[in-house]
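Hi everyone, thanks for coming along. Please have the picture open while I talk, and follow each residue as I name it.

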Amino acid sequence: MSIIKTQNLTYLYSTGTPFEIAAIKDVNIEIEQGELVGIIGHTGSGKSTLIQHLNGLLKPTYGKVYIDGQDIWEDKDTIKSVRFKVGLCFQYPEYQLFEETVYKDIAFGPKNMGLDYSEIHRRVHDAASHVGLSEAHLSKSPFDLSGGEKRRAAIAGVMAMQPKVLILDEPTSGLDPKGRDTILNMIKNYRDSTKSTVLIVSHSMEDIAKLATKVLVLNESSVAMYGTVDEIFSKSEEIIQMGLDVPPITRVFMGLAKHGVNVSGQIYTLEQGKVELSKLFAGKCTQGVEGT
Amino acid sequence: MIKDITIGQFFPGKSMVHRLDPRVKLILTMTFIITIFLCKNFFALGIMLFSLILIIISSKISIKLILRGIKPLLFIIVFTAFLNIFFMSTGEVLLEYKFIVVTTGGVFTAIFMAIRIISLIIASSLLTYTTSPTMITDGIERLLSPLKFMKNGVHTVAMMMTIALRFIPTLIEEFDKITNAQKARGANLETGSLVQRAKALIPIFVPLFITSFRRAYELAFAMECRCYQGGEGRTRMKQMKTGLIDIYGLAFMAVILGAVIFLNYSYTHVI
């Protein structure tokens with residue numbers, strides 16, 4: 001059974017005013033347990049609206065959302081449990097930190113779940129180790145941390161609820177390359193060790209190609225494509241037509257293929273690129289040797 | 001909750017009302033409101049209502065929106081109307097039950113007051129519906145420019161007003177964002193005792209304050225980087241110009257005012 005399922009999900013903003021607009025329309029997706037789904041799309045394509053439906057922050061205008069096979073709006077009291085099942089970490093989550101210490105801030109979610117002290121303690125340390133924050137960090141004020149550390153502390157605050165599904169909205173935006181890699185590795189390790197489902201909204205195709213198992217492409221408020229990374233990036237032309245980017249390495253290989261070089265245009269990680277190029281040059285070299 | 005408040009919102013457009021010079025529009029709105037209070041009888045008030053409908057039509061703002069602006073104040077309108085029905089005792093008696101006496105005078109006054117309040121709300125919300133906040137503050141600044149001799153006066157106040165108005169939507173957006181983020185961590189804002197609910201706001205207000213201070217610094221730096229020095233010798237990108245349309249507007253208002261004064265004196269006996 002799929003962990004997340006939406007049925008004709010539609011959401012209208014500002015109903016009844018001249019500004020009425022569909023943020024998402026007729027979204028039907030099914031996400032299996034344990035996937036790492038990359039969500040890509042333009043600004044305004046409905047990514048943020050979609051993820052806010054998955055943990056019940058927004059109520060669909062039409063359509064249904066099923067988490068674990070259960071319609072989340074069937075019963076009003078289930079909404080709170082959905083929030084703990086689907087952990088949502090917004091963009092720039094460091095601006096939600098408020099407690100005196102990092103420890104207390106990470107403990108905010110588990111405390112709201114009504115867990116007992118020892119369990120909260122265990123979860124806070126668990127989450128902190130997932131994001132690489134030390135004991136010394138936990139006793140500091142969150143406002144004394146560096147930008148990257150703040151970001152990690154905030155993500156730990158969501159991880160500490162141990163949700164079945166973790167959704168991260170652009171977790172790497174505004175960070176330097178090193179901070180970005182740290183966060184991406186951390187997410188990968190988190191998924192490997194907890195076997196939970198992870199959804200990442202991102203503008204970086206490179207990150208998605210590297211990390212994700214499935215890709216969801218949103219365009220003009222609807223689902224344009226959903227499939228494995230191979231399936232999606234084999235349609236690079238279409239993605240570019242939507243005004244979205246493909247990984248830089250894909251661009252290089254598409255360009256090479258266009259100019260008559262004998263390589264595949266469907267390369268989307270550096271590793272694949274290396275293999276493809278060495279294949280090409282291996283052929284060239286032997287030919288060269290034979291020629292002389 | 002916050003989304004329901006329409007007063008103060010701006011709906012861009014190109015209608016006659018939108019194109020009026022903001023200074024003229026401010027003066028016209030003020031005169032209109034004063035004229036509403038000058039009305040002494042139904043004929044005069046009828047003229048006001050009729051001209052208000054004309055203005056609404058020419059502003060091309062949908063009736064639905066205007067009615068929505070009245071909705072939050074409906075209680076006050078009904079309440080004042082009721083008070084008038086029961087406590088005015090002029091004219092013929094319509095109904096008598098123990099100490100409750102309803103008279104024609106009371107009913108008339110109630111209707112009169114209700115129409116008056118509704119026209120007031122519509123007139124003032126039409127101003128904000130058709131004028132952007134910056135235009136309004138610019139207009140106020142220009143209207144108050146005779147007070148320039150005051151130290152740190154008009155310009156500073158107008159700039160503060162502009163900035164404050166400009167950041168209301170930003171703060172609301174920020175508030176919503178932080179609320180959602182904390183709700184996603186299971187914050188409970190809807191239930192609990194008063195103390196619990198007040199406590200539940202801490203996780204929202206602490207980040208909101210910190211963000212506001214950060215924004216204030218950033219804005220101050222950005223203004224300094226663009227050599228902002230205050231109002232002295234500053235010119236404007238959008239020069240306000242009065243045109244034919246403003247003359248029409250003023251003439252229209254003058255006709256209404258004249259008609260109201262005339263009707264007030266012609267029919268002194270109807271309320």
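Let's begin with A:Q162, which counts as partly exposed because its relative accessibility is 36%, and partly exposed is the class between 20% and 50%. Keep in mind as we go that this is a predicted model. You'll find A:Q162 in the loop between helix 6 (147-159) and strand 8 (165-169) of chain A. What is the phi of A:Q162 near? The value is near 45 degrees, which is positive, and this residue is not a glycine. Why point that out? Most residues other than glycine have a negative phi.

A:D68 is another one to look at: its phi is positive too, about 60 degrees, and it is not a glycine either. A:D68 sits in the loop between strand 5 (62-67) and strand 6 (70-71) of chain A. With a relative accessibility of 26%, A:D68 is partly exposed.

Now step back to the whole of chain A. It has twelve helices and eleven strands, and its C-alpha trace spans about 80 × 50 × 35 Å along the principal axes. Of the 292 residues in chain A, 51% are buried. The accessible surface of chain A is about 13,600 Å², and carbon and sulfur atoms own 51% of that. Then there are the contacts: among those in chain A with a separation of 6 or more, 62% join residues 24 or more positions apart.

For a buried example, go to A:Q52 in helix 1 (residues 47-54) of chain A. Is A:Q52 buried or exposed? A:Q52 is buried, because its relative accessible area is 11% and the cut-off for buried is under 20%. Setting aside neighbours within four places in sequence, A:Q52 touches A:L57, A:L58, A:L88 and A:F90, and also B:N180 over in chain B.

Here is another link between the chains: B:R214 lies over the face of A:Y95, 4.2 Å from the ring centre. Within chain B, B:K40 lies over the face of B:Y265, at 6.0 Å from the ring centre.

On to rings that pair with rings. How many aromatic pairs does the structure hold over all chains? There are ten. Take B:F42 and B:F108: their ring centres are 5.8 Å apart and their planes meet at 65 degrees, so this pair is edge-to-face. The pair ties together distant parts of the chain, since B:F42 is in helix 3 (residues 42-59) and B:F108 is in helix 6 (residues 104-130) of chain B, 66 residues apart. Both rings belong to partly exposed residues, with 24% relative accessibility for B:F42 and 42% for B:F108.

Compare B:F175 and B:F205, where the centres are 6.0 Å apart and the planes are at 50 degrees, so we call that pair tilted. This one also links distant parts of the chain: B:F175 is in helix 8 (residues 154-184) and B:F205 in helix 10 (residues 202-225) of chain B, 30 residues apart. B:F205 is partly exposed, at 33%. Going back to B:F42 and B:F108, ring pairs join them with B:F112 into a cluster.

Last stop, the surface of chain B. A nonpolar patch of about 1,000 Å² is made by residues including B:L73, B:L74, B:F75 and B:F87. One of them, B:L74, lies in helix 5 (residues 74-87) of chain B and is partly exposed, at 45% relative accessible area. Thanks for listening!

Methods:
Residues are numbered from 1 along each chain as its sequence is written. Chains are lettered from A and ligands numbered from 1 in the order in which they are written. This is a predicted model: local features need pLDDT of at least 70, side-chain atom pairs count only at pLDDT 80 or more; totals for chains, interfaces and linings use all residues. Side-chain values use heavy atoms; hydrogens and water are left out. Patches are made of residues with over 30% relative accessible area and no salt bridge: like charges are joined within 9 Å, nonpolar side chains (Val, Leu, Ile, Met, Phe, Trp, Tyr) within 5 Å. Accessible areas come from the Shrake-Rupley method with a 1.4 Å probe; for residues, only the protein chains shown count as cover. A salt bridge is a side-chain nitrogen of Lys or Arg within 4 Å of a carboxyl oxygen of Asp or Glu. Helices (H or I, at least four residues) and strands (E, at least two) are DSSP runs, numbered from the N terminus. Buried means under 20% relative accessible area, exposed over 50%, partly exposed in between (1.4 Å probe, protein chains only). Rings of Phe, Tyr and Trp (its six-membered ring) pair if their centres lie within 6.5 Å; planes under 30 degrees apart count as stacked, over 60 as edge-to-face and the rest as tilted. A charge sits over a ring if NZ of Lys or CZ of Arg is within 6 Å of the ring centre and within 35 degrees of the ring normal. Contact means heavy atoms within 4.5 Å.
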